[in-house]
Amino acid sequence: MSKPNAVLKTWQALSGKPGGKWLFSQAISRKAPYFATVKPRFETVESGRTVLTAQKRRAVHNHIGTFHAIAICNMAEAAMGIAAEATLPATHRWLPKSMTVRYLKKAETDLKAVATIDPATVYGSEGFELPVAVDVFDTRGEKVFDAVITIWVTPKKKS
């Protein structure tokens, strides 16, 4: 396996320290401000898998008081993005290409998003599509949403 990229190195440096997961989550939300709308809290970041949680609060409610569908999409994209960063070698970059989602039931509680990538599918010196699965669960462990976010992966241009 290649050396960890900056996101994975930062997670490894911070996550075991008091307040480290919070600090990491704040840094990600600062780098990608739209993620801050759901106030993600990253719980696990490793090659092939990222877990984050978000609290159900008024700012993410829809008109019936449940987690808004697009807020859940935002959670899914945050989990996918950090999973991609933690899994891909530092020599590659990615861009979202498509997102297919299913809303399975009302999201009435805090939520947990789990993004997974099979590291064995990460390959190539040319561009390739990479599907990232994201499942979102309520506090009862019931799946309320799932998605496949396809990203386009290419080697970074040499400067």
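**Exercise 1. Classify Glu43 and describe its salt bridge.**

At 25% relative accessibility, Glu43 counts as partly exposed. The scale runs as follows: buried is under 20% relative accessible area, exposed is over 50%, and partly exposed is in between (1.4 Å probe, protein chains only). The model is predicted: local features need pLDDT of at least 70, side-chain atom pairs count only at pLDDT 80 or more, and totals for chains, interfaces and linings use all residues. Residues are numbered from 1 along each chain as its sequence is written, and side-chain values use heavy atoms, with hydrogens and water left out.

Step 1. Find the partner. Glu43 and Arg41 meet through their side chains in a salt bridge, at 3.3 Å from N to O. The criterion is a side-chain nitrogen of Lys or Arg within 4 Å of a carboxyl oxygen of Asp or Glu.

Step 2. Classify the partner. Arg41 has a relative accessible area of 35%, so Arg41 is partly exposed.

**Exercise 2. Analyse the salt bridge between Arg102 and Asp146, then place it in its network.**

Step 1. Take the distance. The closest N and O atoms of Arg102 and Asp146 are 2.6 Å apart.

Step 2. Locate the ends. Arg102 lies in strand S3 (residues 92–103) and Asp146 in strand S6 (residues 143–155), so the pair ties together parts that are 44 residues apart in sequence. Strands (E, at least two residues) and helices (H or I, at least four) are DSSP runs, numbered from the N terminus.

Step 3. Compare burial. Arg102 is partly exposed at 47%. Asp146 is buried at 11%.

Step 4. Extend the search. Salt bridges link Arg102, Asp135, Lys143 and Asp146 in a network. The whole structure holds seven salt bridges.

**Exercise 3. Locate and classify both ends of the Glu142–Lys105 salt bridge.**

Step 1. Take the distance. In the salt bridge of Glu142 with Lys105, the closest N and O atoms are 2.3 Å apart.

Step 2. Locate the ends. Glu142 sits in the loop between strand S5 (128–138) and S6. Lys105 sits in the loop between S3 and strand S4 (111–116). The pair links distant parts of the chain, 37 residues apart.

Step 3. Classify them. Glu142 is partly exposed, at 32%. Lys105 is also partly exposed, at 40%.

**Exercise 4. Identify the buried face of helix H1 and what covers it.**

Step 1. List the buried residues. In H1 (residues 6–14) they are Val7, Leu8, Trp11 and Leu14.

Step 2. Look down the axis. The buried residues of H1 fall within an arc of 140°, so they line one face of the helix. The arc is that of the directions from the helix axis to the C-beta atoms.

Step 3. Recall the geometry. An α-helix has 3.6 residues a turn, so residues three or four places apart point the same way.

Step 4. Find the cover. It includes helix H2 (20–31), strand S1 (41–46) and helix H3 (69–87).

**Exercise 5. Describe the overall fold and dimensions of the protein chain.**

Step 1. Count the elements. The protein chain has three helices and six strands. Along the sequence, the pattern is α-α-β-β-α-β-β-β-β.

Step 2. Test compactness. The radius of gyration is 16 Å, close to the 15 Å that the globule rule gives for 159 residues, so the protein chain is as compact as a globular protein of that length. The radius is taken over C-alpha atoms, and the rule is 2.2 Å times the number of residues to the power 0.38.

Step 3. Add the extents. The C-alpha trace spans about 50 × 35 × 25 Å along its principal axes.

Step 4. Add burial. Of the 159 residues in the protein chain, 40% are buried.

How values were computed
Contact means heavy atoms within 4.5 Å.
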